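Trainee: I am new to this structure, and I would like to learn how to read its features one at a time. Could you take me through some of them slowly?

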Amino acid sequence: MYIRASGTIAATANKKIVKKNTMAQTATLSETQEIIQDNLDYTLFSWSKQKGINPIAVKSASGVYLYDYDGKRYLDFSSGLMNVNIGHGDQRVTDAVVRQMQQLSYVTPSCATKARGDVGKKLAEISPGNLTKTLFTVCGASAIENAVKLARLYTGKHKILARYRAFHGASYGSMSAGGDPRKLPSDSQQSPNFIHIEDPYCYRCPWGQEKESCTRLCIDHVERIVEFEGPENIAAILMEGESGSSGCIKYPPGYLKSIRRICDKHGILLIADEVMSGFGRTGEWFACDVHGVVPDMIATAKGLTAGYIPFGALIVSDTIAKHFDDHVLWLGLTYSAHPVGCAAALEVLNIYEEDHLIENAREMGKYIDARAAEMKKKHPSIGDFRNTGLLGCFELVKNRDTKEPMAPFNAKPGEMVVMNQVAAKLRELGMYTFVRWNYVFIAPPLTINKEQIDEGLAMISEAISIADEHVH
């Protein structure tokens, strides 16, 4: 016992010495450097090696801009992670959250609250078709997880079909549902019964078709997979309302309607992942509205509270909801229907309407499309530009004829040299946006105006000039 105690005392003393030395080293650092160093020393950053990263120390944010501790301004051209739809620093949300916390900060999900009923009713009003009941979750991944479980509970079937080039979240279930390569290091532990299908990637058609002569072999492919896997085994087909971080891969006209038809034919549920594409991002409340499709469930988050509070939702049809009038709903979360999250969501939904943000997303999206077409004439490295509303990206290539990407799918560090230079230039110029593989994303807050778009596209144009030098 004495040896153990002395060891513990010695370890504690050593820890204090290390901490004291660390504090001495940081005493001469600037405020920015000290903040970054504390983050690096005591926290972990996702999707990254921990050495060699250099995060921006963000002090404040307002509208479409971020500000660091040195006073540098960054134009946020990706709305954080495509979630700060209403822009940064809207104090109406702050006030709504404070009012709710002053009254009630937390109560178990088995209790009813006014905020819960109000936001549930609002979602029923804006959701397509007969989607009228909501299970509240804590994020997008948990919305997807519960959508999958609910589909299996409701249908009694077990398989889920989903796309390879899709990201549905970072929990084991949602990661397995998607095809994003970030899941590969954990590949041995994928959740079972997720079946993947090829994407209708028109720019890089897996079936070698051209847009002008396309015969929708992508739909035939899905129908074959359904036949091979047995429709009697398939609970649901999971589709993004509109592709996001996989490269904003636009569905061909009629694609989602055909998926809906396949589902109806075989008694399969259609789950729309609207985590990124929901709440005005595509110029409609939901991307499935763009495609004229009513899914059986919508899993969503991000724009629901515009990132101000972590929150998610699974909106289901009244048909599915009625089933659980007499069957136990075996789903639950400690923070489901959190009153503060509900209050934030309700205020954000009101802001979309009061400030006409969905209409603005639609109009600014058209403006970006026109400007991007001009940029494509100037920059030979722009192979394609895909956009719906304010969810788009440039795809950069080394050769337009061969479509050789500036960086390949799941690029290794050595293959990211040019794109890393593009990303570094954007940061230097004062832009914060999502750069992945050979994609440069454009997904600014829905509050953005033409002048701010011009400012951002000028930065992207200058940065893309670096890629132009590598075109052959």
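Mentor: Let us begin with a single residue, His-379, which counts as buried because its relative accessibility is 1%. Please keep in mind throughout that this is a predicted model.

Trainee: Where does His-379 lie, and which residues is His-379 in contact with, leaving aside its neighbours within four places in sequence?

Mentor: His-379 is in the loop between α13 and β11. Once the neighbours within four places in sequence are set aside, its contacts are Arg-400, Ser-461, Ile-464, Ser-465 and Asp-468.

Trainee: How should I read the helix that comes before that loop, and which residues of α13 are buried?

Mentor: The general idea is that an α-helix has 3.6 residues a turn, so residues three or four places apart point the same way. Helix α13 covers residues 357-378, and its 22 residues reach 31 Å from the first C-alpha to the last, close to the 32 Å expected at 1.5 Å a residue. Its buried residues are Leu-357, Ile-358, Ala-361, Met-364, Gly-365, Ile-368, Ala-372 and Met-375. Looking down the axis of α13, one finds these buried residues within an arc of 120 degrees, so they line one face of the helix. Lys-366 and Lys-377, by contrast, are exposed on the other side of α13.

Trainee: What do the buried residues of α13 pack against?

Mentor: They pack against two helices, α12 and α15, and against the strands β11 (382-388), β12 (391-399) and β16 (439-442).

Trainee: May we try the reading again on α5, and ask which of its residues are buried and which are exposed?

Mentor: Helix α5 runs over residues 114-126, and its 13 residues reach 19 Å between the first and last C-alpha, close to the 18 Å expected at 1.5 Å a residue. Ala-115, Val-119, Gly-120, Lys-122, Leu-123 and Ile-126 are the buried residues of α5. They cover an arc of only 160 degrees around the axis, which puts them on the same side of α5. The face turned away from that buried side carries the exposed residues Lys-114, Lys-121 and Glu-125. As for what the buried residues of α5 pack against, the partners are α4 (91-103), β4 (131-137), β10 (312-317) and α12 (339-354).

Trainee: How do I describe the way two helices pack, and at what angle do α5 and α12 do so?

Mentor: One gives the angle and the distance between the axes, then the handedness of the crossing, and lastly the residues that meet. The axes of α5 and α12 are 8 Å apart, and the two helices pack at an angle of about 40 degrees. That makes α5 oblique to α12, and the crossing in which α5 passes α12 is left-handed. The residues of α5 that meet α12 include Arg-116, Asp-118 and Lys-122, while those on the α12 side include Cys-342, Leu-346 and Asn-350.

Trainee: Is Asn-350 buried or partly exposed, and how many residues along the chain separate Asn-350 from Lys-122?

Mentor: Asn-350, which lies in helix α12, is partly exposed, with a relative accessible area of 23%. Asn-350 and Lys-122 are 228 residues apart along the chain, yet their C-alpha atoms are separated by 9.2 Å.

Trainee: Which helices here are roughly antiparallel to each other, and which are roughly parallel?

Mentor: The axes of helix α14 (residues 417-429) and helix α15 (residues 450-468) come within 8 Å and cross at roughly 150 degrees, and α14 and α15 are therefore roughly antiparallel. Their crossing is right-handed, and among the residues that meet are Val-422 and Leu-426 in α14 and Ile-460 and Ala-463 in α15. In the other pair, α8 and helix α9 (residues 255-266) pack at an angle of about 20 degrees with their axes 10 Å apart, which makes α8 roughly parallel to α9.

Trainee: What should I look for in the backbone, and which residues have a positive phi?

Mentor: Most residues other than glycine have a negative phi, and most peptide bonds are trans. Trp-47 is not a glycine but has a positive phi of about 55 degrees, and is found in the loop between α2 (31-42) and β1 (58-62). Arg-216, also a residue other than glycine, has a positive phi near 60 degrees; Arg-216 lies in the loop between β6 (194-197) and α8 (217-229) and counts as partly exposed at 25% relative accessibility.

How values were computed: Residues numbered from 1 in each chain as written. Predicted model: local features only at pLDDT ≥ 70, side-chain atom pairs only at ≥ 80, totals over all residues. Heavy atoms only, no water. Helix = DSSP H or I, 4+ residues; strand = E, 2+ residues; numbered from the N terminus. Expected span 1.5 Å × (residues − 1). Buried < 20%, exposed > 50% of the residue type's maximum accessible area, 1.4 Å probe, protein only. Arc of directions from axis to C-beta. Contact = heavy atoms within 4.5 Å. Axes fitted to C-alpha atoms, helices over the stretch in contact; angles between N-to-C directions. Parallel < 35°, antiparallel > 145°, perpendicular 65-115°, else oblique. Left-handed = near helix turned anticlockwise from the far one by under 90°.
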